[in-house]
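Please open the structure in a viewer and keep a selection tool at hand. The stops below are meant to be followed in order.

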Amino acid sequence: MMYDQNNYEEEKLLEKIIETKRVAKVVKGGRNFSFSAIVVVGDKKGKVGVGTGKANEIVDAIRKAKEKATKAMFDIPIVKGTVPHEIIARYGASKVMIKPASEGTGIIAGGTTRAIFEVAGIENILCKSLGSNTPCNVVKATIDGLKSMRTIAQVAALRGKTIAQLTGRDTNHATIVKIETPEPQIDVPATSITELPEEEK
């Protein structure tokens, strides 16, 4: 029963192949060829995973990469269809800048990172590669950046504070500023006490 349930969950995952390449190993008798693949899987609901696989056949390499990606899935905080904040992630010589985007922007990113955002279910995002464009390192930098994302509620829970205290809108700890205004001067006619009626004396 558990096996059937796991198969049903895997069928709902969206799979995309980021890169496949053939690798040659020179040996005494000639060259041995093998294949490697990078695959990303996601459920378009904020869960995504990336895996790599190597085998003598391309089909086996893709299958191994998919299995590793399924086991390495993690949750991404998505706020209104985009990421909660901007971040610059690095891996090796690759550097990736990820920025949230307004509704209707779409996914503005290169082919390597676009596949990750699409299977994760992110609808609006801006991404730019600022370093090396090696697909393996770009993917790892993007994954590290997405794992570092935190919503304001998560940051407040880690710091033991409320959201109002983090944003500076806490009414209990508000600073009251007292503004001194000059008192208006009223001109009163000078009247001697002797001139007042006896009742007012």
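A salt bridge is a side-chain nitrogen of Lys or Arg within 4 Å of a carboxyl oxygen of Asp or Glu. The tour begins with a pair that fits this description, in what is a predicted model.

Select Lys16 and Glu118, whose side chains meet in a salt bridge at 2.1 Å, N to O. Lys16 belongs to strand 1 and Glu118 to helix 3, so the pair ties together parts that are 102 residues apart in sequence. Lys16 is partly exposed at 29% relative accessibility, and Glu118 is partly exposed at 21%.

Add Arg114 to the selection. Its side chain meets that of Glu118 in a salt bridge of 3.9 Å, N to O. Both residues lie in helix 3, four residues apart, about one turn of the helix. Through shared partners, Lys16, Arg114 and Glu118 form one network.

Next, select Lys66 and Glu15, which form a salt bridge at 3.3 Å, N to O. Lys66 is in helix 2 and Glu15 in strand 1, 51 residues apart. The search of the whole structure finds five salt bridges.

Now display the strands. Four of them make an open sheet in the order 1-2-3-4, with antiparallel pairing. Strand 1 (14-27) and strand 4 (74-75) are at the edges, each with a single partner strand, so one side of each has no neighbour in the sheet. Strand 1 pairs with strand 2 (residues 30-42) over 13 bridges; within this pairing, Leu14 stands opposite Gly42.

Helix 2 (residues 58-71) packs on the sheet and touches strand 1, strand 2 and strand 3 (47-55). Its direction makes about 145 degrees with that of strand 3. Helix 3 (residues 111-120) lies across strand 1, strand 2 and strand 3, at about 140 degrees to strand 1.

Which residues touch the most other members of the largest nonpolar core? Select Val48, Ile98, Ile116, Phe117 and Leu146, which do so among its 26 residues. Elements that each supply at least two residues of this core include strand 6 (94-100) and helix 4 (135-147). Centre the view on Ile116: beyond its neighbours within four places in sequence, its contacts include Ile18, Val40 and Val139.

A second, separate core has ten residues, among them Leu13, Val39, Val41 and Met73.

Finally, colour the chain by pLDDT. The mean is 82, and 78% of the residues reach 70 or more. Residues 1-5 have pLDDT below 50 and zero contacts beyond near neighbours in sequence. Residues 174-179 likewise have pLDDT below 50 and zero such contacts.

Note on methods
Residues numbered from 1 in each chain as written. Predicted model: local features only at pLDDT ≥ 70, side-chain atom pairs only at ≥ 80, totals over all residues. Heavy atoms only, no water. Pairing = 2+ DSSP bridges. Contact = heavy atoms within 4.5 Å. Axes fitted to C-alpha atoms, helices over the stretch in contact; angles between N-to-C directions. Core = buried A, V, L, I, M, F, W, Y, C linked by side-chain atoms within 4.5 Å. Buried < 20%, exposed > 50% of the residue type's maximum accessible area, 1.4 Å probe, protein only. pLDDT = per-residue confidence, 0-100.
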